[in-house]
Amino acid sequence: MKKIFIIAVMAIVSVAYAAAQPRAIGANLGGGLGFSYEHGFGEKNMLDVAVSFPLAGLFDKHYGVGANITYDWIDPFNAPVPWNEKGEWHWYMGVGGAGGLYNFSNPTHWFAGVAGHIGIEYDFWFPLQLSVDWRPSFGVSNWNEGDKLNFDLHGLYGISLGVRYKF
């Protein structure tokens, strides 16, 4: 588990340094512990990359890892959040892909599908960002039946709280 954690952190940090103008990097806490990286494309779009580890996996030998990448629109439909005092409120929504492994002791248990992303964030006047978001995903997996593919709806729940450092 420590190796996976270190690899995930190193991957996110290397993506952050490779990109020309990254936006934010931080952690999410919800159904699991996650790490996220946001790269802005102007003021209205961003790419969000999230890697998460289910909390149940910390106490069980059948832990896993999941990732989703979404392209998000910031303040879509030109409807910004109206109450901006010192910082700024923004809401966002997006679509992308998701995938993961359910069980490292049997790496043939996998998931692949589409992901969504919707949330609201508060950007402080100093480089800190707080967010509440929902990352639903659904697709196919072979978790329950071995070699048979199943339609998987396990990713339709999971609201998370996020804290990110903006740079």
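Ring pairs join Trp89, Tyr122, Phe124, Trp125 and Phe126 into a cluster in this predicted model. Within the cluster, Phe124 and Phe126 form a stacked pair. Their ring centres lie 5.1 Å apart, with 25° between the planes. Phe126 is partly exposed, at 37% relative accessible area. Trp125 also takes part in a charge contact: the charged end of Lys86 sits over its ring, 4.9 Å from the centre.

Across the whole structure, the search finds 10 aromatic pairs. One of them is formed by Phe41 and Tyr71, with ring centres 6.2 Å apart and planes at 20°. The pair is stacked because planes under 30 degrees apart count as such. Phe41 belongs to strand β2 (residues 32-41) and Tyr71 to strand β4 (residues 65-74). The pair therefore ties together parts that are 30 residues apart in sequence. Both rings belong to partly exposed residues: Phe41 has a relative accessible area of 40%, and Tyr71 has 30%.

The structure holds 7 salt bridges. Glu38 takes part in one with Arg23, where the closest N and O atoms are 3.9 Å apart. This pair links distant parts of the chain, with Glu38 in strand β2 and Arg23 in the loop between α1 (2-18) and β1 (24-29), 15 residues apart. Glu38 counts as buried at 0% relative accessibility. Arg23 counts as buried at 18%. Arg23 also forms a salt bridge with Asp123, with a closest N to O distance of 3.6 Å. Here the separation is 100 residues, from the loop between α1 and β1 to strand β6 (residues 110-123), which holds Asp123. Asp123 is buried, with a relative accessible area of 7%.

Glu38 has a further salt-bridge partner in Arg164, the closest N and O atoms being 3.5 Å apart. Glu38 in strand β2 and Arg164 in strand β10 are 126 residues apart. Arg164 is buried, at 1% relative accessible area. Through shared partners, salt bridges join Arg23, Glu38, Asp48, Glu121, Asp123, Asp133, Arg135 and Arg164 into one network.

Asp48, a member of that network, lies in strand β3 (residues 45-54). Its relative accessible area is 0%, so Asp48 is buried. The side chains of Asp48 and Arg135 are joined by a polar contact of 2.6 Å. Beyond four places in sequence, the residues that Asp48 touches include Ser36, Tyr37, Glu38, His117, Arg135 and Arg164. Asn68, Ile69, Thr70 and Asp72 are also among them.

Strand pairing accounts for part of this setting. β3 and β4 run antiparallel and are joined by 8 bridges. Asp48 stands opposite Thr70 in β4. On to the next strand, β4 pairs with β5 (residues 88-101) in the antiparallel sense over 10 bridges. In that pairing, Asp72 stands opposite Gly94 in β5.

The loop between β4 and β5 holds Asp75 and Phe77. Each has a positive phi without being a glycine: about 50° for Asp75 and near 60° for Phe77. Their accessibilities fall into opposite classes. Asp75 is buried, with a relative accessible area of 6%. Phe77 counts as exposed, at 69% relative accessibility.

Gly155 and Leu156 were examined next. Gly155 lies in strand β9 (residues 150-155). At 18% relative accessibility, Gly155 counts as buried, because the cut-off is under 20%. Its contacts beyond four places in sequence are Arg135, Pro136 and Ser137. Gly155 and Gly31 are 124 residues apart in sequence, with a C-alpha to C-alpha distance of 10.0 Å.

Leu156 is placed in the loop between β9 and β10 (159-166). Leu156 counts as partly exposed, at 35% relative accessibility. Beyond four places in sequence, Leu156 is in contact with Trp134, Pro136, Ser137 and Phe138. Leu156 and Trp134 are 22 residues apart in sequence and 8.7 Å apart in space, C-alpha to C-alpha. Pro136 and Ser137 thus appear in the contacts of both Gly155 and Leu156.

Technical notes. Residues are numbered from 1 along each chain as its sequence is written. This is a predicted model: local features need pLDDT of at least 70, side-chain atom pairs count only at pLDDT 80 or more; totals for chains, interfaces and linings use all residues. Side-chain values use heavy atoms; hydrogens and water are left out. Rings of Phe, Tyr and Trp (its six-membered ring) pair if their centres lie within 6.5 Å; planes under 30 degrees apart count as stacked, over 60 as edge-to-face and the rest as tilted. Helices (H or I, at least four residues) and strands (E, at least two) are DSSP runs, numbered from the N terminus. Buried means under 20% relative accessible area, exposed over 50%, partly exposed in between (1.4 Å probe, protein chains only). A charge sits over a ring if NZ of Lys or CZ of Arg is within 6 Å of the ring centre and within 35 degrees of the ring normal. A polar contact is a pair of N or O atoms within 3.5 Å; within protein, one must be able to donate a hydrogen and the other to accept it, and residues adjacent in sequence count only if both atoms are side-chain atoms. Contact means heavy atoms within 4.5 Å. Two strands pair if DSSP finds at least two bridges between them. A salt bridge is a side-chain nitrogen of Lys or Arg within 4 Å of a carboxyl oxygen of Asp or Glu.
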